[in-house]
Amino acid sequence: MEIENMHFIMLNNKIFRNNQIQLDKVMKKYDLSSGSMSYLFILEKSEGVSLHQLSIKIGNDKAMTTRTIKRLIELKYVYKVGKDGDCRAYQLYLTEKAKAILPQMHREIEEIVDLITVDLSQEEKEVTLAAMKKIFMRTQQIRTEEEVNGKKL
(Lines give C-alpha, C1' and ligand atoms only; values in the text may rest on other atoms or scores of the structure.)
Protein backbone atom coordinates (compact mmCIF):
# COMPACT_ATOMS: atom_id res chain seq x y z
CA MET A 1 0.00 0.00 0.00
CA GLU A 2 2.86 2.38 0.79
CA ILE A 3 4.20 2.00 -2.76
CA GLU A 4 0.76 2.82 -4.18
CA ASN A 5 0.51 5.89 -1.94
CA MET A 6 3.92 7.13 -3.07
CA HIS A 7 2.99 6.38 -6.68
CA PHE A 8 -0.18 8.46 -6.25
CA ILE A 9 1.79 11.43 -4.90
CA MET A 10 4.55 11.09 -7.51
CA LEU A 11 2.07 10.86 -10.39
CA ASN A 12 0.22 13.91 -9.11
CA ASN A 13 3.49 15.87 -8.91
CA LYS A 14 4.61 14.74 -12.38
CA ILE A 15 1.26 15.63 -13.94
CA PHE A 16 1.38 19.06 -12.28
CA ARG A 17 4.95 19.70 -13.47
CA ASN A 18 4.28 18.56 -17.04
CA ASN A 19 1.19 20.77 -17.21
CA GLN A 20 3.12 23.68 -15.74
CA ILE A 21 5.77 23.32 -18.46
CA GLN A 22 3.10 23.36 -21.19
CA LEU A 23 1.29 26.32 -19.64
CA ASP A 24 4.54 28.27 -19.24
CA LYS A 25 5.19 27.81 -22.97
CA VAL A 26 1.76 29.23 -23.80
CA MET A 27 1.98 32.07 -21.26
CA LYS A 28 5.49 33.14 -22.36
CA LYS A 29 4.09 35.08 -25.32
CA TYR A 30 2.11 37.20 -22.84
CA ASP A 31 5.18 37.64 -20.57
CA LEU A 32 3.35 35.58 -17.96
CA SER A 33 3.98 32.34 -16.11
CA SER A 34 1.59 29.55 -15.29
CA GLY A 35 1.54 30.90 -11.73
CA SER A 36 0.36 34.38 -12.67
CA MET A 37 -2.28 33.11 -15.07
CA SER A 38 -4.65 32.04 -12.29
CA TYR A 39 -4.65 35.58 -10.85
CA LEU A 40 -6.03 36.91 -14.14
CA PHE A 41 -8.68 34.20 -14.24
CA ILE A 42 -9.81 34.97 -10.69
CA LEU A 43 -9.93 38.70 -11.44
CA GLU A 44 -11.88 37.98 -14.62
CA LYS A 45 -14.67 36.59 -12.44
CA SER A 46 -14.19 38.81 -9.38
CA GLU A 47 -13.01 42.25 -10.37
CA GLY A 48 -12.78 44.66 -7.48
CA VAL A 49 -11.44 42.13 -4.96
CA SER A 50 -8.79 43.15 -2.46
CA LEU A 51 -5.30 41.72 -2.30
CA HIS A 52 -6.31 39.78 0.82
CA GLN A 53 -9.40 38.30 -0.86
CA LEU A 54 -7.34 37.37 -3.91
CA SER A 55 -4.75 35.62 -1.72
CA ILE A 56 -7.48 33.51 -0.16
CA LYS A 57 -9.10 32.64 -3.50
CA ILE A 58 -5.75 31.67 -5.06
CA GLY A 59 -4.48 29.89 -1.97
CA ASN A 60 -1.13 31.71 -1.86
CA ASP A 61 0.27 33.79 0.95
CA LYS A 62 -0.13 37.56 0.80
CA ALA A 63 3.55 38.15 -0.04
CA MET A 64 3.36 35.94 -3.14
CA THR A 65 0.12 37.59 -4.20
CA THR A 66 1.67 41.04 -3.70
CA ARG A 67 4.67 40.15 -5.88
CA THR A 68 2.50 38.64 -8.60
CA ILE A 69 0.09 41.58 -8.66
CA LYS A 70 3.01 44.02 -8.77
CA ARG A 71 4.30 42.18 -11.85
CA LEU A 72 0.84 42.15 -13.47
CA ILE A 73 0.56 45.91 -12.86
CA GLU A 74 4.00 46.46 -14.44
CA LEU A 75 2.85 44.45 -17.47
CA LYS A 76 -0.32 46.56 -17.61
CA TYR A 77 -2.66 43.61 -17.11
CA VAL A 78 -4.02 44.82 -13.75
CA TYR A 79 -4.60 48.15 -12.08
CA LYS A 80 -5.56 49.03 -8.54
CA VAL A 81 -7.98 51.59 -7.15
CA GLY A 82 -7.73 52.95 -3.60
CA LYS A 83 -10.50 51.91 -1.27
CA ASP A 84 -12.18 54.42 1.05
CA GLY A 85 -9.12 56.62 1.57
CA ASP A 86 -6.99 53.77 2.95
CA CYS A 87 -3.76 53.69 0.96
CA ARG A 88 -3.10 50.10 2.11
CA ALA A 89 -6.48 48.77 0.97
CA TYR A 90 -7.30 48.78 -2.70
CA GLN A 91 -9.39 46.93 -5.23
CA LEU A 92 -7.93 45.14 -8.24
CA TYR A 93 -9.21 45.31 -11.80
CA LEU A 94 -8.24 43.97 -15.21
CA THR A 95 -7.03 46.37 -17.87
CA GLU A 96 -8.38 46.33 -21.41
CA LYS A 97 -5.10 44.68 -22.43
CA ALA A 98 -5.83 41.75 -20.08
CA LYS A 99 -9.46 41.52 -21.17
CA ALA A 100 -8.33 41.35 -24.80
CA ILE A 101 -5.99 38.38 -24.29
CA LEU A 102 -8.08 36.31 -21.88
CA PRO A 103 -10.29 34.68 -24.56
CA GLN A 104 -7.18 33.50 -26.44
CA MET A 105 -5.62 32.22 -23.20
CA HIS A 106 -8.78 30.24 -22.46
CA ARG A 107 -8.69 28.70 -25.96
CA GLU A 108 -5.03 27.74 -25.60
CA ILE A 109 -5.62 26.15 -22.19
CA GLU A 110 -8.58 24.25 -23.60
CA GLU A 111 -6.28 22.91 -26.33
CA ILE A 112 -3.82 21.70 -23.69
CA VAL A 113 -6.59 19.99 -21.73
CA ASP A 114 -7.90 18.37 -24.92
CA LEU A 115 -4.39 17.20 -25.78
CA ILE A 116 -3.70 15.60 -22.38
CA THR A 117 -7.13 13.97 -22.11
CA VAL A 118 -7.40 12.72 -25.70
CA ASP A 119 -7.14 9.09 -24.55
CA LEU A 120 -10.01 9.43 -22.07
CA SER A 121 -13.66 8.86 -22.83
CA GLN A 122 -16.13 11.54 -21.79
CA GLU A 123 -17.16 9.36 -18.85
CA GLU A 124 -13.52 8.94 -17.77
CA LYS A 125 -13.00 12.71 -17.96
CA GLU A 126 -16.07 13.31 -15.79
CA VAL A 127 -15.06 10.67 -13.22
CA THR A 128 -11.48 11.99 -13.12
CA LEU A 129 -12.64 15.57 -12.66
CA ALA A 130 -15.07 14.59 -9.93
CA ALA A 131 -12.36 12.64 -8.09
CA MET A 132 -9.88 15.51 -8.46
CA LYS A 133 -12.45 17.96 -7.06
CA LYS A 134 -13.06 15.70 -4.04
CA ILE A 135 -9.32 15.40 -3.38
CA PHE A 136 -8.87 19.15 -3.77
CA MET A 137 -11.74 19.93 -1.39
CA ARG A 138 -10.28 17.55 1.19
CA THR A 139 -6.81 19.10 0.91
CA GLN A 140 -8.38 22.55 1.30
CA GLN A 141 -10.28 21.40 4.37
CA ILE A 142 -7.10 19.99 5.94
CA ARG A 143 -5.21 23.20 5.17
CA THR A 144 -7.95 25.38 6.67
CA GLU A 145 -8.15 23.24 9.79
CA GLU A 146 -4.38 23.47 10.22
CA GLU A 147 -4.46 27.24 9.87
CA VAL A 148 -7.28 27.57 12.40
CA ASN A 149 -5.92 25.04 14.88
CA GLY A 150 -2.21 25.51 14.25
CA LYS A 151 -1.82 21.77 13.73
CA LYS A 152 0.38 19.85 11.35
CA LEU A 153 -0.46 16.64 9.50
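Which residue lies over the face of tyrosine 77? In this predicted model, the answer is lysine 97, at 4.6 Å from the ring centre. A second lysine is placed in a similar way: lysine 80 lies over the face of tyrosine 90, 4.4 Å from the centre of that ring.

Let's stay with the tyrosines for a moment. Searching the whole structure turns up one aromatic pair. Its members are tyrosine 79 and tyrosine 93, whose ring centres are 5.6 Å apart and whose planes meet at 25°, so the pair counts as stacked; the cut-off for stacking is an angle under 30 degrees. The pair links distant parts of the chain, with tyrosine 79 in strand 1 (residues 78–83) and tyrosine 93 in strand 2 (residues 86–94), 14 residues apart. Tyrosine 79 is partly exposed, with a relative accessible area of 39%, and tyrosine 93 is also partly exposed, at 22%.

Now turn to helix 4, which covers residues 62–74. At 1.5 Å a residue, its 13 residues should span 18 Å, and the end C-alpha atoms are indeed 18 Å apart, in agreement. Its buried residues are Thr65, Thr68, Ile69 and Leu72. Viewed down the helix axis, these buried residues fall within an arc of 100°, so they line one face of the helix. The spacing rule behind such a pattern is a simple one: an α-helix has 3.6 residues a turn, so residues three or four places apart point the same way. On the other side of helix 4, Arg67 and Lys70 are exposed.

Finally, look at the two ends. Aspartate 61 caps the N-terminal end of helix 4, with a side-chain oxygen 3.0 Å from the backbone nitrogen of alanine 63. After the helix comes lysine 76, which has a positive phi near 65°.

How values were computed
Residues numbered from 1 in each chain as written. Predicted model: local features only at pLDDT ≥ 70, side-chain atom pairs only at ≥ 80, totals over all residues. Heavy atoms only, no water. Helix = DSSP H or I, 4+ residues; strand = E, 2+ residues; numbered from the N terminus. Expected span 1.5 Å × (residues − 1). Buried < 20%, exposed > 50% of the residue type's maximum accessible area, 1.4 Å probe, protein only. Arc of directions from axis to C-beta. Polar contact = N/O pair within 3.5 Å; in protein donor to acceptor, adjacent residues only side chain to side chain. Phe/Tyr/Trp six-rings, centres within 6.5 Å; stacked < 30°, edge-to-face > 60°. Lys NZ or Arg CZ within 6 Å of the ring centre and 35° of its normal.
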